[in-house]
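Subject: Structure for your files, with notes

Hello,

Please find the structure below, followed by notes on what turned up in it. Could you keep the two together when you pass them on?

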Amino acid sequence: MTRVIIVDDDLFVRTMLTQLLDRAAGIEVLASYASGAEAALAAAESKPDVALVDINMPEVDGPKATALLRAASPTTQVLALTSLADPSAAASMLRAGALGFLPKDLPLPALLHSIQAASHGVA
C-alpha cells in the first residue's frame with residue numbers, strides 16, 4: 001500500500017485528488033493539507049511514501065514545502081503538481097528535493113503509475 005499526502009492550497013484540487021486516489025487499488029490517502037508547513041509537521045509522524053505538492057502556494061511555496069517535508073520525513077518522495085511550465089520553478093523544486101513533476105491534468109492511469117514509481121524512488 002502506497003501512503004500519500006496531498007499539499008495544495010486549492011480545496012477543489014485537494015478534494016478531487018483525494019477522491020480519485022481513494023478509489024485506486026494500492027493507494028491510501030493519509031490526508032490533504034492547504035499548507036506546506038502543516039504537511040511537514042504531520043509527515044514527521046505519519047511518514048507518507050509520496051507527497052503530491054503544488055508548486056505555487058501562498059506563504060510556504062512548493063520548494064519550501066518540499067524542503068520542509070524532506071527534512072521532516074526523508075523517506076517521503078515528493079512529486080510536484082503543476083499547471084505551469086516555469087523552468088525556474090521546476091529547478092527550484094528539484095533543488096529542494098522533489099523527485100519529479102506531474103501536470104495537474106495528467107490522466108488517472110499515468111498519475112497512479114507515477115505515484116507507485118515514486119514510492120520506489122523512480123521518477
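Buried means under 20% relative accessible area, exposed means over 50%, and partly exposed lies in between (1.4 Å probe, protein chains only). Helices (H or I, at least four residues) and strands (E, at least two) are DSSP runs, numbered from the N terminus.

The model is a predicted one, in which local features need pLDDT of at least 70 and side-chain atom pairs count only at pLDDT 80 or more, while totals for chains, interfaces and linings use all residues. Residues are numbered from 1 along each chain as its sequence is written, and side-chain values use heavy atoms, with hydrogens and water left out.

Strands 3, 4 and 5

Strand 4 (77-82) is largely enclosed by the rest of the structure, because six of its six residues are buried. Both of its faces are covered: Gln77, Leu79 and Leu81 are buried on one side, and Val78, Ala80 and Thr82 are buried on the other.

Strand 4 has pairing partners in strand 3 and strand 5; two strands count as paired if DSSP finds at least two bridges between them. Strand 3 pairs with strand 4 in the parallel sense over five bridges, and Ala51 has Val78 of strand 4 as its bridge partner. The pairing of strand 4 with strand 5 is also parallel, over four bridges, and here Leu79 is matched with Gly100 of strand 5.

Strand 5 has side chains that alternate. Gly100 and Leu102 point to one face and are buried, whereas Phe101 and Pro103 point to the other face and are not buried.

Ser114, in helix 5, touches Leu79, Leu102 and Leu106, leaving out residues up to four places away in sequence (contact means heavy atoms within 4.5 Å). Between Ser114 and Phe101 there are 9.2 Å in space, C-alpha to C-alpha, and they are 13 residues apart in sequence.

Salt bridges

How many salt bridges does a search of the whole structure find? There are two, a salt bridge being a side-chain nitrogen of Lys or Arg within 4 Å of a carboxyl oxygen of Asp or Glu.

One of them joins Asp8 to Lys104, with the closest N and O atoms 3.0 Å apart. This pair links distant parts of the chain, 96 residues apart: Asp8 is in the loop between strand 1 (2-7) and helix 1 (11-22), and Lys104 is in the loop between strand 5 (100-103) and helix 5 (108-119).

Lys104 also meets Asp54 in a salt bridge, at 3.3 Å from N to O. That pair, too, links distant parts of the chain, since Asp54 is in strand 3 (residues 50-54), 50 residues apart from Lys104.

Asp8, Asp54 and Lys104 are thus linked in a network of salt bridges. Asp8 is buried at a relative accessible area of 0%, and Asp54 is buried at 6%. Lys104 is partly exposed, at 33%.

Helix 1

Helix 1 has twelve residues and reaches 16 Å from its first C-alpha to its last. That is close to the 16 Å expected at 1.5 Å a residue, where the expected span is 1.5 Å times one less than the number of residues.

Its buried residues are Val13, Arg14, Leu17, Thr18 and Leu21. Seen down the helix axis, the buried residues fall within an arc of 125 degrees, so they line one face of helix 1 (the arc is taken over the directions from the axis to the C-beta atoms). As background, an α-helix has 3.6 residues a turn, so residues three or four places apart point the same way.

Among the elements that cover the buried residues of helix 1 are strand 1, strand 2 (27-33), strand 3, strand 4 and helix 5. Thr18, buried at 19%, is in contact with Ile6, Val29 and Ser32, leaving aside neighbours within four places in sequence. The face turned away from the buried side carries the exposed residues Leu11 and Phe12.

Two loop residues

Lys47 and Glu59 have positive phi values, though neither is glycine. Phi of Lys47 is near 45 degrees; Lys47 is in the loop between helix 2 (36-46) and strand 3 and is partly exposed, at 36%. Phi of Glu59 is near 65 degrees; Glu59 is in the loop between strand 3 and helix 3 (62-72) and is exposed, at 85%.

Regards
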